[in-house]
Amino acid sequence: MRLKLSDQYVNERDEICNKLIEIVGTEFLLCDLDADVEKQQAILALKDKIQKYFAVSSISSYKPC
């Protein structure tokens with residue numbers, strides 16, 4: 001039986017979520033995020049880890065071109 005990623009990587013997922021909260025805070029506007037290249041780059045730096053620990057196959061930015 002295959003374990004769900006949410007059951008298999010609890011600590012790793014929490015760590016990524018906490019990093020995302022550190023980057024953008026708990027409340028933000030997308031237009032502010034669009035204007036902040038530094039935050040965008042910090043989020044993009046987490047892309048591989050996000051893909052490893054979260055189910056992302058239905059998210060368009062993770063689909064192959």
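**Helix H2 and its surroundings**

The buried residues of helix H2 are Arg13, Ile16, Ile23 and Val24. They lie on the same side of H2, because the arc they cover around the axis is only 85 degrees. The model described here is a predicted one, and this set of residues offers a convenient point of entry to it.

The opposite side of the helix has another character. On the face of H2 turned away from its buried side stand the exposed residues Asn11 and Glu22. The cover over the buried residues of H2 includes helix H1 (5-8), helix H3 (30-35), helix H4 (37-44) and helix H5 (47-53).

The length of H2 can also be checked against expectation. The helix has 15 residues, from 10 to 24, and at 1.5 Å a residue it should span 21 Å. The C-alpha atoms at its ends are 21 Å apart, which agrees with that expectation. Just after H2 comes Gly25, whose phi is positive, at about 85 degrees.

One of the buried residues deserves a closer look. Ile16 has its place in helix H2, and it counts as buried because its relative accessibility is 2%, while the limit for a buried residue is under 20%. Leaving aside residues up to four places away in sequence, Ile16 touches Lys49, Ile50, Tyr53 and Phe54. Of these partners, Lys49 is 33 residues from Ile16 along the chain, yet the C-alpha atoms of Ile16 and Lys49 are separated by 7.7 Å.

H2 also holds a pair of charged side chains. Side chains of opposite charge can pair when their charged atoms come close. In this model, the side chains of Lys19 and Glu15 meet in a salt bridge, with 3.3 Å from N to O. Both Lys19 and Glu15 belong to helix H2, where they are 4 residues apart, about one turn of the helix. Neither partner falls in the buried class: Lys19 counts as partly exposed because its relative accessibility is 29%, and Glu15 is partly exposed as well, with a relative accessible area of 41%. The structure holds 1 salt bridge.

The cysteines may be considered next. The structure holds 0 disulfides. Cys17 is partly exposed, with a relative accessible area of 34%. Cys31 is exposed, since its relative accessible area is 51% and the class of exposed residues begins over 50%.

With these details in place, the chain can be viewed as a whole. It contains 5 helices and 0 strands, so that its elements, read from the N terminus on, follow the order α-α-α-α-α. Of the 65 residues in the chain, 17% are buried. The chain exposes about 5,500 Å², and carbon and sulfur atoms supply 53% of that area. Among contacts between residues at least 6 apart in sequence, 47% join residues at least 24 apart. The contact of Ile16 with Lys49, across 33 residues of the chain, illustrates such a pairing.

Note on methods
Residues are numbered from 1 along each chain as its sequence is written. This is a predicted model: local features need pLDDT of at least 70, side-chain atom pairs count only at pLDDT 80 or more; totals for chains, interfaces and linings use all residues. Side-chain values use heavy atoms; hydrogens and water are left out. Helices (H or I, at least four residues) and strands (E, at least two) are DSSP runs, numbered from the N terminus. Buried means under 20% relative accessible area, exposed over 50%, partly exposed in between (1.4 Å probe, protein chains only). Contact means heavy atoms within 4.5 Å. Accessible areas come from the Shrake-Rupley method with a 1.4 Å probe; for residues, only the protein chains shown count as cover. A disulfide is a pair of cysteine sulfur atoms within 2.5 Å. The expected span of a helix is 1.5 Å times one less than its number of residues. The arc is that of the directions from the helix axis to the C-beta atoms. A salt bridge is a side-chain nitrogen of Lys or Arg within 4 Å of a carboxyl oxygen of Asp or Glu.
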